[in-house]
Each structure stands twice: as C-alpha cells, then as structure tokens.
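Biologist: Please show me the model, and then I will ask about its strands, cores and side chains.

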Amino acid sequence: MRFLLVDDEAFARHLLIHQLGRLGFTDVTALERGADAVEILERDPSAIDIVLLDLQMPEMDGVEFVRHLARIRFQGGVILISGEDARIIETTRKLAAAHRLNVHGALHKPVTPEQLQALLGEGIRPNTKSAFTPGKSYPAARVRQAIAEGELMNFYQPKVEFATGKFVGVETLVRWKHPDDGMVFPDQFITVAEENDLIDDLTRVVLAGALRQARLWEDAGLALHVAVNVSMANLSSLDFPEYVLRAIAEAGVSKGRLVLEVTESRLMNNALAALDILTRLRLKHIGLSIDDFGTGHSSLAQLRDIPFDELKLDRGFVHGAMHDPSNRAILEANLGLARQLGMHSVAEGIEDREDWDALRGLHCDVAQGYFIARPMPGPAIADWVREWEPRRAALCPE
C-alpha cells in the first residue's frame, strides 16, 4: 500500500509516519504543501493508493485539495484528518463523497494509534471502480418522441405507517423504457423536459397512468394514496387544477386519493401563479406534499405560504441519522414542526432496520425506502403485499 500524507505540521507528519509504520505500512510519501502533492498525483494518479489529508493547511486547504482529487479522477482512498470542529470534518467528507471520491473515513487530531488501527488495521484495498461517468443525455426531440409514443412507464414505491406497518400508499416514479438503452432513470430526462416546455406533457402522461393504476388497485380492494411528482414548471398554467380534476374523473377515483409532491428543484418563475394553483388544488381536497424538505429551494417560507398537508423528509437527513447529531437534530425539529402544523410526515430513505427503528421512535408517520420495498411496476404490488404482511407483524408487534 502506497500512502501520500499531506500535512503542514512537521510533528503531525512524523507521528503519522511512525504510527503507519507500526501497522506495517512503510511506503509513505509525506509532504508539507498541497500543491506538491497535486503535482505528484497529476503525473500518475495510480501511483498512490491512500491519501491522508489534513484540512487546515496554508496556501491550499483540504477542501481545495479535494477539488483537485476530483478533477484528476483519483481512484484511490482518501482519509481526512483535522483538528477542526467535527461538523466541518463531516461536511468535507460529504463534499468528497459527492465528488465520487472513495472516502474511507475521517480522523480528529490528535490521531491516536487506536483510531488509525481501527481504520487501517484490516488493510484497505484501493478503489478499483472506474471513474464516474455521468448518465447519457438525450436531446429534447428524443424526449418528446418518448412521451408521444408511450415509452414512459410508471413504477411505484410503497409507503407504510410506522405505527402499524399498514400499507397506505405509493409514490409514482417514472422510467423511460428506451428501445436501445434499456431502463433510463428520470435524472437523465426530467431536466431536459423542464427546459424545453415538455414537462406538462410528461406530467400528464405520468398522472393519467398513476390514476388508472389507482383504480385497478381500488377494484382489487387496495384503497391507496397515490403520490405523483409535479415540477414547479407545471405550476405556471392556471388551468392545471382543472386538468387534474378531469384526469381524476376519467379514472374514476376519489380526489382524496391523489397526493401531488412538489419539489422545488428550481426557483418559481411565477410565484403568484404557483400559489394560486396550489391553493385551488387544496380547495379541491387534493393532497399536497412538500418534497425533499430542507433541500433545494424548499423552506419555511413555503410551509407558511402554501397549504401543504404533508411534509416529506429528504433521504439525506434520514438514512443513518442516529450516527449524525446534526441530522438527528434536524429530523427532530422538522417532525416537531410538522406536528405543530397538523401535517403528516413521511420519511424517505429508510434503508435498514436501524433507520426504521430510529424514525419510528421519533414518531414519524409514514416510511418509504428500500427497507420496505424498491420501486416496482403496478402489477407487482399484489405479490409485495403478501410478502410484506409477515414482516409487518415482526416490525410492529401488537
């Protein structure tokens, strides 16, 4: 294992070299300046397996160094080291992870032999994954064709009550069944639709399909709330509420079964029109959920100004929250806010039993995530229900 240690403090470098040597790691290049380390990595990024990086350095700090690691597509491991506040270290770790770097952990100075051994004791293997490649992009004309020719299909992810485990609803998630590229996920075409005046057509296809499926479930004895995502770009046409009501009537389902999840991935072009449309939808007893609350442009102002009746907690605050004091504090505050405003709370990103127990203990209302179920085509829901029942009994004992 070849290590590159970057720290401007001579004593810290000597201490870490000594500690690494005692663990059997002797191939260590120790540098004082970040610029020198970047120069080495630019010549041959594969020459280093692990970078140990101090965050607080003159000339080039650790955050800037992380940016360079991302630029050169460094595929080895990264260990962050700092004497700064734990929240700063954690934020930098998340930043590095967002850059698709292989972050093995973060250590607080002074680093103890026990901490280093816990991280390196069993031996870390270099990251062999290929450099991150963004998904294929599609031109607007091809997205328009996909909408017109029925290539979009809906998947549905179940939602269950924390208290009882009862199956209460689904979120509709659109996929593009591309004839050549297979299943294409929405992050590869939704933005194209929003930027090329196609989002209304796309949303109407998804909504109509979801309502037809809701009717089929209702006929089979499953009375579910069906959530459909709407973009802020949908909320500029003042006749949008009338379209929604017509679609509900054509499908033959109750207005109270539909929930529109509003994600503010971009600023409102016409805040007055959006407020008009959302208020009219609530007057017509259609549910409104503020999606990914606490991220993007969603904020307390939206809770104050728009009559949402559901608050959806972003997965970034949910998964592993009990190990992150900041995320736990945010969750508790938002759940308290939802209760005081009389809103239902939904936690997405329930990935394991620990997440389930944590959010159930915080009295969140509804759970969604891979621990419950992955998104699936509508007809697969019936089989999932049969599989869920025994799990439900175990998770929610009487």
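Biologist: How many bridges join β6 to strand β7 (residues 167–178)?

Modeller: This is a predicted model, in which local features need pLDDT of at least 70 and side-chain atom pairs count only at pLDDT 80 or more, while totals for chains, interfaces and linings use all residues. Residues are numbered from 1 along each chain as its sequence is written, and side-chain values use heavy atoms, with hydrogens and water left out. Strands (E, at least two residues) and helices (H or I, at least four) are DSSP runs numbered from the N terminus, and two strands pair if DSSP finds at least two bridges between them. β6 and β7 run antiparallel, and the bridges that join them number nine.

Biologist: Which residue in the turn of the β6 and β7 hairpin has a positive phi?

Modeller: The hairpin has five residues between its two strands. Further along the pairing, P158 has V170 of β7 as its bridge partner. In the turn, the positive phi, about 75°, belongs to G165.

Biologist: Which residue in β14 does E161 stand opposite?

Modeller: β6 also pairs with strand β14 (residues 366–368), in the antiparallel sense and over two bridges. Opposite E161 in β14 stands V366.

Biologist: How many of the ten residues of strand β6 are buried?

Modeller: Buried means under 20% relative accessible area, exposed over 50%, and partly exposed in between (1.4 Å probe, protein chains only). Strand β6 covers residues 152–161 and is largely enclosed by the rest of the structure, because its buried residues number eight.

Biologist: N154 is found in strand β6; which backbone oxygen lies 3.1 Å from a polar atom of its side chain?

Modeller: N154 counts as buried, at 13% relative accessibility. Its side chain and that of Y156 are joined by a polar contact of 3.3 Å; such a contact is a pair of N or O atoms within 3.5 Å, where within protein one must be able to donate a hydrogen and the other to accept it, and residues adjacent in sequence count only if both atoms are side-chain atoms. The backbone oxygen at 3.1 Å is that of V206.

Biologist: Which helix gives the most to the largest nonpolar core?

Modeller: A nonpolar core is a set of buried Ala, Val, Leu, Ile, Met, Phe, Trp, Tyr and Cys residues joined through side-chain atoms within 4.5 Å. The largest has 80 residues, and those with the most contacts inside it are I350, W356 and L359. With eight residues, the helix that gives the most to this core is α8 (residues 199–219).

Biologist: How far from the sulfur of C364 is the closest cysteine sulfur?

Modeller: A disulfide is a pair of cysteine sulfur atoms within 2.5 Å, and by this rule the count is zero. C364 is buried at 4% relative accessibility, and C396 is buried at 7%. The closest sulfur to that of C364 is in C396, too far for a bond, at 13 Å.

Biologist: Are the rings of W176 and F189 stacked or edge-to-face?

Modeller: Rings of Phe, Tyr and Trp (its six-membered ring) pair if their centres lie within 6.5 Å; planes under 30 degrees apart count as stacked, over 60 as edge-to-face and the rest as tilted. Nine aromatic pairs are found in the whole structure. The centres of the W176 and F189 rings are 5.8 Å apart and their planes are at 85°, so the pair is edge-to-face.
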